[in-house]
Amino acid sequence: MGDRRVACPPPRVTAPPPRPRAAGPPPRVVRRRTDLTALCAATAFFWLSLTPSLVPRPWVLQGVVGGITAAVGYAAGATVSGLVRAVVPWRPRAEARRALRVRARQAYWLLSPALTGWLIAESAQMQRRLRRLQGLPPSLTWHTVMIALFAVALCALLLLAARLVRLGARWLIRALGGWLPRPVAVGAGLALTAVVVTVGLRDVVFDRGVVDAADRIAAATDRGTKDGITRPASPYVSGGPGSLVRWQDLGYQGRNFTGTAPTRRSITAFTGRPAKDPVRVYVSSRLPRAFAGGADEDAPFRAQARLAVRELERTGAFTREVLAVAGTTGSGWIDSNVAQSLEYLHGGDTAIVAVQYSYLPSWVSFLVDKEKAGKATRALVDAVRARLDALPPGDRPKLVVTGESLGAYAVEASYGSVEALLAGTDGGLLLGTPHFSPVARQVREERDAGSPVWRPQYRGGLHVRVAQFPAVDLRRPAAGPWARPRLVYLQNASDPIVWWSPDLLFERPEWMDEPLGPDVTPEINWFPVVAFWQTTVDMAVSYGVQAPHGHRYGPAAVDGWAAVVPPGGWTEQDTRRLRAYIAGRKAPY
């Protein structure tokens with residue numbers, strides 16, 4: 001029997017099991033708890049926002065200012081904290097670090113609520129003192145708890161948005177990391193995130209959200225007319241009988257302006273002397289769309305100006321004693337106090353002409369239509385000036401300019417300098433001129449040494465004077481001559497529209513230097529970022545005070561016109577009487 005061998009399979013080699021990974025916390029994309037340094041910075045910024053600013057503000061807006069500035073403070077604190085951790089390598093032991101963190105958080109949550117409540121109560125007292133300073137009753141509703149809750153909610157919402165952006169940026173960097181080197185992925189991810197956020201905020205949130213909503217609301221308003229205002233019967237105003245501009249095409253502010261023109265009968269009843277029906281010409285922003293287009297974007301403005309001049313000719317405006325070119329605000333508004341003061345001063349022997357470049361609110365127009373303000377008004381000024389130059393010098397009316405707020409900027413943008421404005425007109429009255437206006441900026445920057453920025457004296461007051469209390473201020477300097485033509489600025493020291501500027505973010509303004517304006521509280525102070533948001537919110541409530549404070553100028557236009565272009569025989573007693581009449585009547589719109 002042969003030897004039988006059985007082949008055995010080779011032994012199976014088993015791979016060793018994989019080594020388990022060290023357990024550890026997953027990488028965090030969003031911090032699970034707030035950074036204590038950032039939290040302290042946010043709280044400190046909120047406390048700073050409680051200081052008073054130019055005008056009294058309601059508790060809701062105090063919550064808005066507090067929430068925004070707290071979010072800015074949190075971002076600043078988080079940045080500083082991150083930089084310190086990155087630069088300083090030393091760390092205390094884990095146990096000491098944990099104990100320090102616990103004690104610090106306990107101290108924060110124990111002290112900050114108590115200090116916050118006390119400081120909010122103190123801010124109420126400062127607001128009451130500011131109200132007394134500006135002639136308002138000291139009573140004030142100041143909800144301490146609601147201010148804190150509102151600010152916390154708004155700050156949390158802004159921080160949530162910021163963290164969502166950061167989460168998206170990190171996701172994008174990880175996605176790009178599979179295709180690109182790490183440094184390139186980080187740079188590309190941050191750049192793409194910045195583009196998406198910028199485009200989203202500008203094109204989606206602002207343009208298609210805020211601006212579109214404001215445009216729809218303003219367009220609906222522009223189609224209406226204020227209650228009680230009807231089509232005028234006077235042929236001397238736009239929209240009346242024989243007008244080249246239809247009543248329905250004037251827009252809301254145009255109908256308010258032309259539909260409330262005083263009659264010669266009402267002017268005579270006040271003055272006791274024969275009067276004329278004043279001329280008021282207004283061309284709205286919707287009309288240029290129907291004009292034949294030109295080769296450039298300024299063609300509609302020139303078409304507006306040509307129509308305005310034709311309307312002035314139709315009404316006989318070039319035979320009047322005074323012709324005023326008025327700049328309008330964003331919505332097309334013209335101050336009725338300014339218009340009627342001039343008309344009553346001259347017994348109706350006046351003409352006022354204006355063009356509308358937008359129907360949007362002024363704050364929206366400033367952001368999207370500011371250039372239109374200057375272009376539209378410049379076209380009107382050029383057209384009127386050309387028509388006047390065609391008349392014999394002895395037959396020309398006195399040409400004056402006026403405007404308030406963005407309307408004042410529109411006038412100043414038409415000239416560009418003090419010298420050009422004085423050379424091209426017989427005088428001007430400008431009210432609440434914004435900080436960025438070129439002529440007012442020249443007056444402030446080149447003011448005489450020793451005069452404050454809120455009441456600058458320009459070249460000894462020879463041609464230009466600035467007033468908050470015109471009966472007193474327009475006499476300064478008492479010893480110096482006041483030659484013609486004259487330019488009068490009505491400028492309240494507490495007007496936030498005059499002083500608002502992006503420079504407030506990081507630069508202390510001159511109007512906070514000593515001596516302070518007569519209605520600016522000595523408790524005001526400047527803090528980076530905080531002062532900017534305070535002044536921004538102040539603009540929203542600048543009409544909540546009485547003249548001459550905030551952005552209210554009331555009957556001061558009477559004194560302004562009496563100084564710039566007085567009629568023959570006009571006296572100081574006449575000024576006081578007309579001022580009392582303008583102050584006592586109910587504003588028509």
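Aromatic ring pairs in this predicted model number 9, counting rings of Phe, Tyr and Trp whose centres lie within 6.5 Å. One of them joins phenylalanine 270 and tyrosine 344: the ring centres are 5.7 Å apart and the planes meet at 80°, so the pair is edge-to-face. This contact links distant parts of the chain, since phenylalanine 270 belongs to helix α7 (residues 264–271) and tyrosine 344 to helix α9 (residues 336–345), 74 residues apart. Phenylalanine 270 is buried, with a relative accessible area of 12%, and tyrosine 344 is likewise buried, at 3%. Ring pairs also bring in Tyr581, which forms a cluster with Phe270 and Tyr344.

Another edge-to-face pair consists of phenylalanine 532 and tryptophan 533. Their ring centres lie 5.2 Å apart, with the planes at 75°. Phenylalanine 532 is buried at 11% relative accessibility, whereas tryptophan 533, at 26%, counts as partly exposed because the buried class is limited to values under 20%.

The two pairs are set out below.

| Ring pair | Centre distance | Plane angle | Class |
|---|---|---|---|
| Phe270 – Tyr344 | 5.7 Å | 80° | edge-to-face |
| Phe532 – Trp533 | 5.2 Å | 75° | edge-to-face |

Aromatic rings also take part in contacts with arginine. Arginine 387 is placed over the face of phenylalanine 318, 5.0 Å from the ring centre. In a further case, the charged end of arginine 486 sits over the ring of tryptophan 482, at 4.2 Å from the centre of that ring.

Technical notes: Residues are numbered from 1 along each chain as its sequence is written. This is a predicted model: local features need pLDDT of at least 70, side-chain atom pairs count only at pLDDT 80 or more; totals for chains, interfaces and linings use all residues. Side-chain values use heavy atoms; hydrogens and water are left out. Rings of Phe, Tyr and Trp (its six-membered ring) pair if their centres lie within 6.5 Å; planes under 30 degrees apart count as stacked, over 60 as edge-to-face and the rest as tilted. Helices (H or I, at least four residues) and strands (E, at least two) are DSSP runs, numbered from the N terminus. Buried means under 20% relative accessible area, exposed over 50%, partly exposed in between (1.4 Å probe, protein chains only). A charge sits over a ring if NZ of Lys or CZ of Arg is within 6 Å of the ring centre and within 35 degrees of the ring normal.
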